[in-house]
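Me: I am new to this one and would like to learn how its features earn their labels. Could you walk me through it?

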Amino acid sequence: MKDSEKSIIIETHELTKSFGGLVALNNVNLRIPKGELRAIIGPNGAGKSTLLNTITGRLTPTSGEIYFLGEKITGLPPHEIARRGIALSLQIVQVFPNLSVFDNIWLGVKMRFKTRNPFIHWRQLKVIEEKVIEICKKIGLENKIDEIASNLSHGDQRLLDIAIALSTNPKLLLLDEPLAGLSVKERRHVSNLIKELSQEKTIILIEHDIDAVMRLADRITVLDRGRVIAEGTPREISEDRQVQEVYIGSRE
Ligand SMILES: Nc1ncnc2c1ncn2[C@@H]1O[C@H](COP(=O)(O)OP(=O)(O)O)[C@@H](O)[C@H]1O
Ligand SMILES: [Mg+2]
(Lines give C-alpha, C1' and ligand atoms only; values in the text may rest on other atoms or scores of the structure.)
(Ligands and ions follow the chains in the order given, each with its own letter.)
Protein backbone atom coordinates (compact mmCIF):
# COMPACT_ATOMS: atom_id res chain seq x y z
CA MET A 1 0.00 0.00 0.00
CA LYS A 2 1.31 3.45 -0.92
CA ASP A 3 1.54 6.15 1.74
CA SER A 4 -1.01 8.23 -0.13
CA GLU A 5 -3.41 5.25 -0.04
CA LYS A 6 -3.03 4.77 3.69
CA SER A 7 -4.37 8.16 4.59
CA ILE A 8 -7.69 7.72 2.75
CA ILE A 9 -10.40 7.06 5.33
CA ILE A 10 -13.40 6.69 3.03
CA GLU A 11 -13.60 6.03 -0.65
CA THR A 12 -16.50 5.33 -2.99
CA HIS A 13 -15.98 3.76 -6.37
CA GLU A 14 -18.61 4.32 -9.08
CA LEU A 15 -21.29 4.37 -6.37
CA THR A 16 -24.77 4.22 -7.87
CA LYS A 17 -28.19 4.10 -6.21
CA SER A 18 -31.42 3.93 -8.18
CA PHE A 19 -34.95 4.12 -6.86
CA GLY A 20 -36.94 2.52 -9.67
CA GLY A 21 -36.17 4.70 -12.70
CA LEU A 22 -34.67 7.51 -10.65
CA VAL A 23 -30.89 7.53 -10.38
CA ALA A 24 -30.24 9.27 -7.06
CA LEU A 25 -26.48 8.58 -7.14
CA ASN A 26 -24.75 8.19 -10.46
CA ASN A 27 -21.22 6.71 -10.46
CA VAL A 28 -19.98 8.79 -7.55
CA ASN A 29 -16.24 8.60 -6.85
CA LEU A 30 -15.10 10.11 -3.57
CA ARG A 31 -11.74 9.91 -1.82
CA ILE A 32 -11.57 11.59 1.54
CA PRO A 33 -8.28 11.71 3.47
CA LYS A 34 -8.20 11.17 7.21
CA GLY A 35 -8.73 14.38 9.19
CA GLU A 36 -10.46 16.32 6.41
CA LEU A 37 -13.73 18.20 6.80
CA ARG A 38 -15.45 17.57 3.50
CA ALA A 39 -18.66 19.41 2.72
CA ILE A 40 -21.14 18.00 0.24
CA ILE A 41 -23.39 20.61 -1.29
CA GLY A 42 -25.96 20.66 -4.05
CA PRO A 43 -29.61 21.48 -4.72
CA ASN A 44 -32.49 19.59 -3.10
CA GLY A 45 -32.80 16.09 -4.49
CA ALA A 46 -29.14 16.02 -5.61
CA GLY A 47 -28.55 12.76 -3.72
CA LYS A 48 -26.68 14.09 -0.68
CA SER A 49 -28.69 12.22 1.97
CA THR A 50 -28.74 9.12 -0.23
CA LEU A 51 -24.94 9.22 -0.27
CA LEU A 52 -24.75 9.24 3.54
CA ASN A 53 -27.43 6.55 3.79
CA THR A 54 -25.51 4.23 1.48
CA ILE A 55 -22.24 4.85 3.37
CA THR A 56 -23.91 3.89 6.67
CA GLY A 57 -25.62 0.81 5.20
CA ARG A 58 -29.17 2.11 5.63
CA LEU A 59 -29.50 1.85 1.86
CA THR A 60 -27.86 -0.81 -0.30
CA PRO A 61 -26.15 0.60 -3.39
CA THR A 62 -27.41 -0.56 -6.78
CA SER A 63 -23.79 -0.84 -7.93
CA GLY A 64 -20.33 0.37 -7.02
CA GLU A 65 -18.24 -0.04 -3.90
CA ILE A 66 -17.52 1.71 -0.62
CA TYR A 67 -14.19 1.32 1.21
CA PHE A 68 -13.60 2.40 4.80
CA LEU A 69 -9.97 2.40 5.95
CA GLY A 70 -9.11 0.32 2.91
CA GLU A 71 -11.71 -2.38 3.59
CA LYS A 72 -14.77 -2.96 1.50
CA ILE A 73 -17.93 -2.22 3.50
CA THR A 74 -20.44 -2.31 0.63
CA GLY A 75 -23.57 -4.18 1.66
CA LEU A 76 -22.62 -4.62 5.32
CA PRO A 77 -25.49 -4.09 7.79
CA PRO A 78 -25.71 -0.67 9.52
CA HIS A 79 -24.67 -1.98 12.96
CA GLU A 80 -21.50 -3.51 11.52
CA ILE A 81 -20.60 -0.28 9.71
CA ALA A 82 -21.27 1.67 12.93
CA ARG A 83 -19.06 -0.76 14.86
CA ARG A 84 -16.20 -0.10 12.46
CA GLY A 85 -16.37 3.60 13.24
CA ILE A 86 -18.88 5.52 11.12
CA ALA A 87 -21.63 7.54 12.83
CA LEU A 88 -24.42 9.62 11.36
CA SER A 89 -26.31 12.57 12.80
CA LEU A 90 -29.46 13.10 10.78
CA GLN A 91 -31.44 16.00 9.41
CA ILE A 92 -34.25 14.94 11.72
CA VAL A 93 -33.14 14.76 15.33
CA GLN A 94 -33.21 11.19 16.59
CA VAL A 95 -33.11 11.30 20.35
CA PHE A 96 -35.24 9.38 22.84
CA PRO A 97 -37.59 12.23 23.85
CA ASN A 98 -38.56 10.80 27.26
CA LEU A 99 -35.02 10.07 28.40
CA SER A 100 -32.61 12.53 29.97
CA VAL A 101 -29.57 13.93 28.19
CA PHE A 102 -27.43 11.63 30.34
CA ASP A 103 -29.42 8.48 29.49
CA ASN A 104 -29.52 9.25 25.76
CA ILE A 105 -25.74 9.48 25.62
CA TRP A 106 -25.29 6.62 28.11
CA LEU A 107 -27.08 4.20 25.76
CA GLY A 108 -24.64 5.05 22.98
CA VAL A 109 -21.52 4.80 25.11
CA LYS A 110 -22.68 1.49 26.59
CA MET A 111 -22.73 -0.01 23.07
CA ARG A 112 -18.94 0.28 23.07
CA PHE A 113 -18.79 -2.10 26.02
CA LYS A 114 -20.97 -4.73 24.42
CA THR A 115 -20.42 -8.05 26.17
CA ARG A 116 -22.39 -11.29 26.21
CA ASN A 117 -22.87 -10.81 29.91
CA PRO A 118 -26.11 -8.87 30.57
CA PHE A 119 -24.68 -7.56 33.86
CA ILE A 120 -22.13 -4.80 33.54
CA HIS A 121 -19.33 -4.69 36.06
CA TRP A 122 -19.46 -1.63 38.31
CA ARG A 123 -16.00 -0.61 37.11
CA GLN A 124 -17.27 -0.50 33.54
CA LEU A 125 -20.30 1.49 34.69
CA LYS A 126 -17.93 4.02 36.18
CA VAL A 127 -15.97 4.29 32.92
CA ILE A 128 -19.18 4.67 30.93
CA GLU A 129 -20.42 7.40 33.26
CA GLU A 130 -17.15 9.31 32.94
CA LYS A 131 -17.35 9.08 29.13
CA VAL A 132 -20.92 10.41 29.15
CA ILE A 133 -19.87 13.40 31.24
CA GLU A 134 -16.85 14.02 29.03
CA ILE A 135 -19.06 14.08 25.90
CA CYS A 136 -21.59 16.38 27.62
CA LYS A 137 -18.82 18.82 28.46
CA LYS A 138 -17.39 18.74 24.96
CA ILE A 139 -20.77 19.41 23.43
CA GLY A 140 -21.71 22.11 25.94
CA LEU A 141 -24.65 20.33 27.57
CA GLU A 142 -23.08 19.69 30.97
CA ASN A 143 -25.56 22.01 32.71
CA LYS A 144 -28.49 20.15 31.19
CA ILE A 145 -27.33 16.62 31.87
CA ASP A 146 -30.50 15.63 33.81
CA GLU A 147 -32.90 17.48 31.53
CA ILE A 148 -35.47 15.35 29.67
CA ALA A 149 -34.61 15.51 25.96
CA SER A 150 -38.05 16.72 24.84
CA ASN A 151 -37.70 19.77 27.13
CA LEU A 152 -34.52 20.92 25.37
CA SER A 153 -34.53 23.77 22.85
CA HIS A 154 -34.25 22.80 19.20
CA GLY A 155 -30.56 23.76 19.20
CA ASP A 156 -29.81 21.70 22.30
CA GLN A 157 -31.62 18.71 20.80
CA ARG A 158 -29.37 19.02 17.76
CA LEU A 159 -26.36 19.09 20.08
CA LEU A 160 -27.66 16.00 21.83
CA ASP A 161 -28.07 14.26 18.50
CA ILE A 162 -24.42 15.01 17.69
CA ALA A 163 -23.45 13.83 21.19
CA ILE A 164 -25.20 10.51 20.53
CA ALA A 165 -23.32 10.18 17.25
CA LEU A 166 -20.07 10.83 19.16
CA SER A 167 -20.92 8.37 21.91
CA THR A 168 -19.65 5.42 19.88
CA ASN A 169 -16.33 7.26 19.36
CA PRO A 170 -16.51 7.19 15.54
CA LYS A 171 -13.53 7.76 13.25
CA LEU A 172 -15.82 9.25 10.62
CA LEU A 173 -18.71 11.53 11.55
CA LEU A 174 -21.44 12.21 9.00
CA LEU A 175 -23.62 15.28 9.58
CA ASP A 176 -26.76 15.80 7.49
CA GLU A 177 -27.80 19.46 7.65
CA PRO A 178 -26.86 20.05 11.30
CA LEU A 179 -27.72 23.76 11.10
CA ALA A 180 -31.17 23.39 9.51
CA GLY A 181 -33.96 25.00 11.50
CA LEU A 182 -31.68 26.60 14.08
CA SER A 183 -31.63 30.24 15.21
CA VAL A 184 -28.66 32.45 14.35
CA LYS A 185 -27.21 31.99 17.83
CA GLU A 186 -27.70 28.21 17.77
CA ARG A 187 -26.12 28.04 14.32
CA ARG A 188 -23.06 29.82 15.61
CA HIS A 189 -22.77 27.43 18.54
CA VAL A 190 -23.23 24.27 16.45
CA SER A 191 -20.83 25.43 13.72
CA ASN A 192 -18.18 26.27 16.30
CA LEU A 193 -18.65 22.80 17.71
CA ILE A 194 -18.24 21.23 14.25
CA LYS A 195 -15.05 23.22 13.78
CA GLU A 196 -13.76 21.93 17.11
CA LEU A 197 -14.72 18.32 16.35
CA SER A 198 -12.95 18.55 13.00
CA GLN A 199 -9.65 18.89 14.86
CA GLU A 200 -9.93 15.27 15.96
CA LYS A 201 -12.31 13.55 13.51
CA THR A 202 -12.89 13.20 9.82
CA ILE A 203 -16.25 14.78 9.03
CA ILE A 204 -18.55 14.73 6.03
CA LEU A 205 -20.88 17.69 6.32
CA ILE A 206 -24.01 18.25 4.25
CA GLU A 207 -25.17 21.82 4.69
CA HIS A 208 -27.25 24.39 2.86
CA ASP A 209 -25.81 27.35 4.76
CA ILE A 210 -23.17 28.21 2.19
CA ASP A 211 -21.40 30.73 4.44
CA ALA A 212 -20.94 28.07 7.11
CA VAL A 213 -19.72 25.60 4.48
CA MET A 214 -17.18 28.06 3.13
CA ARG A 215 -15.91 28.74 6.63
CA LEU A 216 -15.77 25.12 7.84
CA ALA A 217 -14.82 22.93 4.89
CA ASP A 218 -11.33 21.91 3.83
CA ARG A 219 -12.76 20.75 0.52
CA ILE A 220 -16.19 20.76 -1.08
CA THR A 221 -17.84 18.23 -3.37
CA VAL A 222 -20.79 19.45 -5.41
CA LEU A 223 -23.53 16.99 -6.32
CA ASP A 224 -26.19 17.67 -8.91
CA ARG A 225 -28.78 15.07 -9.94
CA GLY A 226 -26.68 12.28 -8.48
CA ARG A 227 -23.41 13.27 -10.16
CA VAL A 228 -20.31 14.95 -8.82
CA ILE A 229 -20.06 18.12 -10.89
CA ALA A 230 -17.20 19.82 -9.03
CA GLU A 231 -14.73 19.30 -6.25
CA GLY A 232 -12.19 21.65 -4.73
CA THR A 233 -11.31 24.11 -2.01
CA PRO A 234 -14.00 26.58 -0.90
CA ARG A 235 -12.33 29.24 -3.04
CA GLU A 236 -12.19 27.03 -6.14
CA ILE A 237 -15.83 26.05 -5.71
CA SER A 238 -17.04 29.61 -5.21
CA GLU A 239 -15.34 30.56 -8.50
CA ASP A 240 -16.67 27.55 -10.44
CA ARG A 241 -18.95 28.62 -13.28
CA GLN A 242 -20.93 25.37 -13.44
CA VAL A 243 -21.57 25.46 -9.68
CA GLN A 244 -22.78 29.04 -9.90
CA GLU A 245 -25.18 28.04 -12.67
CA VAL A 246 -26.58 25.09 -10.69
CA TYR A 247 -27.10 27.32 -7.66
CA ILE A 248 -28.69 30.15 -9.57
CA GLY A 249 -30.77 27.62 -11.52
CA SER A 250 -32.06 25.94 -8.35
CA ARG A 251 -33.13 29.27 -6.88
CA GLU A 252 -35.42 30.05 -9.81
N1 LIG B 1 -36.26 5.96 -0.20
C2 LIG B 1 -36.45 6.58 -1.37
N3 LIG B 1 -37.30 6.09 -2.29
C4 LIG B 1 -37.48 6.71 -3.47
N5 LIG B 1 -36.83 7.82 -3.85
C6 LIG B 1 -35.98 8.36 -2.98
C7 LIG B 1 -35.73 7.78 -1.70
N8 LIG B 1 -34.81 8.54 -1.05
C9 LIG B 1 -34.50 9.56 -1.88
N10 LIG B 1 -35.20 9.45 -3.05
C11 LIG B 1 -35.07 10.35 -4.20
O12 LIG B 1 -33.71 10.40 -4.55
C13 LIG B 1 -33.33 11.73 -4.92
C14 LIG B 1 -32.22 12.20 -4.01
O15 LIG B 1 -32.74 12.39 -2.70
P16 LIG B 1 -31.85 12.85 -1.48
O17 LIG B 1 -30.64 12.01 -1.42
O18 LIG B 1 -32.72 12.89 -0.29
O19 LIG B 1 -31.46 14.33 -1.92
P20 LIG B 1 -30.80 15.53 -1.08
O21 LIG B 1 -30.46 15.01 0.28
O22 LIG B 1 -29.62 15.96 -1.87
O23 LIG B 1 -31.85 16.59 -1.04
C24 LIG B 1 -34.59 12.58 -4.80
O25 LIG B 1 -35.17 12.67 -6.09
C26 LIG B 1 -35.47 11.78 -3.88
O27 LIG B 1 -36.83 12.02 -4.14
MG1 LIG C 1 -31.08 15.55 2.19
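Reply: Happily! Let's start with a helix: what covers the buried residues of α4 includes α5 (122-139) and α6 (154-166). Please keep in mind that this is a predicted model.

Me: Which residues of α4 are called buried, and what makes them so?

Reply: In α4, which spans residues 101-111, they are V101, F102, N104, I105, G108 and V109. The word applies because a buried residue has under 20% relative accessible area.

Me: How do you know that these residues are on the same side of α4?

Reply: Their arc around the axis is only 165°, so they are on the same side of the helix.

Me: What makes β1 and β4 a pair?

Reply: A pair needs at least two bridges. Strand β1 (residues 8-19) and strand β4 (residues 63-68) are joined by five bridges, so they count as paired, and they run antiparallel. One of the partnerships sets T16 against S63 in β4.

Me: Why are β2 and β5 called edge strands?

Reply: The open sheet has four strands in the order β2-β1-β4-β5, with antiparallel pairing. β2 (22-33) and β5 (71-72) each pair on one side only, and that is what the label says.

Me: Which strands does β9 pair with, and in which sense, parallel or antiparallel?

Reply: There is one of each kind here. With strand β3 (residues 37-41), β9 shares four bridges in the parallel sense, and I40 stands opposite T221 in β9. With strand β10 (residues 227-232), β9 has five bridges and runs antiparallel; there V222 stands opposite A230. Both counts satisfy the requirement of at least two bridges, so both are pairs.

Me: What makes β9 "mostly covered"?

Reply: Five of the six residues in this strand, 219-224, are buried. In the hairpin of β9 and β10, two residues lie between the strands, and R225 takes a positive phi near 45°.

Me: What is known about the largest pocket, and which residues are closest to its centre?

Reply: Its volume is about 860 Å³. The lining has 30 residues, and A82, R83, G108, M111 and T168 are the closest to the centre. At least two lining residues come from each of α3 (78-84), β6 (86-89), α4 and α6. The most come from α3, which gives six.

Me: How does the lining divide by residue kind, and why is G108 counted as polar?

Reply: The lining has 13 nonpolar, ten polar and seven charged residues. G108 belongs to the lining, and Gly is counted among the polar residues, so G108 falls in that group.

Terms used
Residues are numbered from 1 along each chain as its sequence is written. Chains are lettered from A and ligands numbered from 1 in the order in which they are written. This is a predicted model: local features need pLDDT of at least 70, side-chain atom pairs count only at pLDDT 80 or more; totals for chains, interfaces and linings use all residues. Side-chain values use heavy atoms; hydrogens and water are left out. Buried means under 20% relative accessible area, exposed over 50%, partly exposed in between (1.4 Å probe, protein chains only). The arc is that of the directions from the helix axis to the C-beta atoms. Contact means heavy atoms within 4.5 Å. On a 1 Å grid over the protein atoms alone, a cavity is a set of points where a 1.4 Å probe fits but cannot get out, and a pocket is an open set with protein on both sides within 12 Å along at least five of seven lines; lining residues have an atom within 4 Å of a point. Grid points are joined across faces, edges and corners, and a volume is the space filled by probe spheres set on the points.
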